[in-house]
Amino acid sequence: MTTSLTPELQAAREQIERYAIEYGLDFFETVFEMLDADQLNEVAAFGGFPTRYPHWRFGMEYNQLEKGYTYGLSKIYELVINNDPCYAYLMRSNAFVDQKLVMAHVFGHCDFFKNNLWFSKTDRKMMDHMANHGTVIRRWIDRIGLQEVEQFLDGCLSLDNLIDPHSMFIRRKLSAPRDDGSDEAQNTQNARDARNTRNEGVKFRAKSYMDSFVNPRARTARELERIRKEARAETRFPPAPVRDVLEFLLHHAPLKRWQAEILEIVRKEAYYFAPQAMTKIMNEGWASYWHSTMMTQKILDPTEVIDYADHHSGTMASSPGRLNPYKLGIELFRDIEQRWDCGKFGKEYEECDDFEVKCRWNRNLGLGRKKIFEVRRTHNDVTFLDSFMNQEFCEAQKLFNYGINRRTGQYEIIDRDWRKVKSQLLFSLTNWGQPFIHVLDGNYRNRGELYLGHSWNGVDLQLDVAAETLKNVCLIWNRPVHLETCLEGKGLILTCEDPRGEITSQEMTPSTSPEEQTAIGRG
Amino acid sequence: MSREVLSSLRKIDKDRNRFHEIVRGKIKQDLKKYVKHHEMIGRKGKNIVSIPMPQIELPHFRYGPNPKGGVGQGDGEAGTPVDAGDGAGQAGNQPGRHKIEVEVSLEELAQILGEELQLPRIQPRGENQIETYSGRYTGIRSAGPESLRHFKRTYREALRRQLASGIYDPEDPIIVPVREDRRYRSRREVKKPDFNAVIIYMMDVSGSMGKEQKEVVRTESFWIDTWLRSQYKNLEVRYIVHDAAAREVDRDTFYHLRESGGTKISSAYELCARMIETHFPPAAWNIYPFHFSDGDNWSGRDTERCAKLLNEMLLPAANIFCYGQVRSAYGSGQFKKDLDRAFADDDRIITSDIPDRDGILDSIREFLGTGR
């Protein structure tokens, strides 16, 4: 069956596209395809890319989607792929009004993909490159064997959250700068200065009888320590903690060619998908804002209003225990629009402490639309909520903080204090709600062992799963690996010597910290 | 693009199959757990069971349960309980841990059991085989119904005829088959031995057999059923309960009946022997009597009578006679000792001691490990 739009839908599509452009949305060319439920489930299982590499988890995903669909529990309306051209898959069985809603929604997503800063470094030819990845991995499976490739691939995938989403924006120097730019000259000068100071020691010149006054002993000791530390940092590898663990492994683990290629593929795909996880609330909120705006202002036929309202409210529904990103996003965008329309921002507004006045505040600025376009360009979920979520919004949205009641073992509402709600929400979004793991030492104990550190920030790791994950690090690193973490307030080091072996754990002592180890190892 | 979608239409099947293989491996790994708690296994239709298992996932460094909870939306004062999403303990904006249900056919489950316990395939008793005919369309003939016409062979015949008679024109290669060219698929009948089998479960329901003991029996018989069903196409199951007297019951009663009183095992053996005599002539049937008890019998005299019945009636008729002794707080366990002494060298009888649920797997291995 053909996957192109019916003439009727084609006409609707052209109309919606025109409206979208009139509203100021700016998107890549968008290709719509109509798929049956099982085809759509298949594409969705592959994360939107029908030509993905073979892996069992896609099969598992498909089974779940298929079951959900068969039992009427879940249904995918649409899938949009961040690519140029943008691909959008529609469910063939959708009613006409749903298709219009979905198309309007899709243009919102496409605009977001094209214009949001965090997507600016993503691969816009991913559709092609995913197919290439598929070919590469299939070829290695043929050559090396499924078992081995799968095991390694599983290992890489289990670490695919250990990337640094900000690193996409780091301007990397070309290898070995050889120009006579001032930068380098400056650096050399600094280095020479540093050496000079060291050569002369830490003491100021002084007559011997004045020495203990000019160079107090405490300061001298402090300086010496500082210099020793610096020297140590110079020999440390990597010099500073590395958040992009995958990159570190890619460059420094003893990988065979096929392993390096697979690891690189996993890392590239992780970076491609990362912005979507970072902007879930904004992206869905933006698309929902636009489908609702376009549908209610332009597109809807009077006969379709009830169906539209039903489906829209279904999408926006939230249950107490589950925060709906669509709902949160659209409400916050609307709130921002309203605030900037009325001029509810700036010093004067913030400093006004009359609640009544604040409520009635209206400067008729009409800046709302402009503001939300700006917001969709520069923010991600964390900064979005951090900048714009305020007390009025939290209260209007009835947000609350819940936690476990130790007595009953049940979850219950703890608090409606907006500051706590906000900080909890931000915590759950920071780093995709996942722990920060850094490479601290790539030559631990001077034995080529890998030392990872978990930056503890209030919540412990799930230890049993962390142990399994550590085995996968070991599988790739091929030498013993360690993870420093914190459990119930105590420093703890997990060690894996062999991916098939047991994980040992020991409490942290000063002698186990990589800094001291480097000192011992290198003198 | 659209071509790509279509050509990769069932690309997912390969991944699904691989996933299924992995699931199978997990079931095998955790077989002991599933055997112990066979109530976890849900029946879905006639031949499919569904097995719950923790979601198979790739491990990631992630947070454990957050003592600070999460954020939700809705009405309620502090202290109002929150429905924690999927009920798995995590809620709200924290990802949930799911259980999945995987569907496996009974046959596959039996196969997994067989592989894990290294059970030999059963060799049905040779002289008792019944022949059935089954056919496959592997042959070819020149007459038959149009629905079975073999297009390729018909074409080949026509081509051959046209070539031979010089009608064939390479410039205009039109092949027109005539009546004689037509070829049809034909059914080749194959003689296939087929075997009938019957399991006769006997259980002691006297006062000393408690709920837990019955559960052990129930669980063990589920797995025995599963295995034997995979070995025989036609499997019948009969149930006998006994205390001081024996009677035949249906499946439901067998597992749930609670009697009290004394125990006369010979009564069950007598009924079993009579059943075999009237319904299951050993010449046509593979017979598997299983007897479960806690090992307390009325008297030594009755035990002697049991041995006599076994010797004269049951053992000659049965493929194998299995006695499983479930340990209970009251049972003396004497019966197994007596049987073991009386039939020390007889490999037609197998006795097994089942201390608790953990012993089920070993007991199954003892019973079915002989391949008879």
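1. In this predicted model, a strand pairing links the two chains: S4(A) is joined by four bridges to strand S3 of chain B, residues 70-73, and the two strands run antiparallel. Within this pairing, Phe400(A) has Gly72(B) of S3(B) as its bridge partner.

2. The wider contact between the chains draws on 58 residues from chain A and 44 residues from chain B. On the chain A side, at least two residues each come from several elements, including strand S1 (30-35), helix H2 (37-45), helix H3 (56-70) and helix H6 (146-157). Strand S4 (399-405), strand S5 (410-415), helix H20 (418-429) and helix H21 (463-477) of chain A are also among them. Sorted by class, the side of chain A that touches chain B comprises 27 nonpolar, 22 polar and nine charged residues.

3. Chain B contains 11 helices and 12 strands. Its length is 372 residues, of which 30% count as buried. Among the contacts in chain B with a separation of 6 or more, 76% are between residues 24 or more positions apart.

4. A hairpin in chain A also merits attention. Strand S9 (residues 490-496) and S10(A) form this hairpin, with six residues between them. The two strands run antiparallel and are joined by five bridges. Cys496(A) stands opposite Ile503(A), a residue of S10(A).

5. Is strand S10 of chain A, residues 503-507, buried or in the open? Of its five residues, the number buried is zero, so S10(A) lies largely in the open.

Notes
Residues numbered from 1 in each chain as written. Chains lettered and ligands numbered in written order. Predicted model: local features only at pLDDT ≥ 70, side-chain atom pairs only at ≥ 80, totals over all residues. Buried ≥ 20, exposed ≤ 12 C-beta atoms within 10 Å, placed from the backbone. Contact = placed C-beta atoms within 7 Å. Nonpolar A, V, L, I, M, F, W, Y, C, P; charged D, E, K, R; others polar. Pairing = 2+ DSSP bridges.
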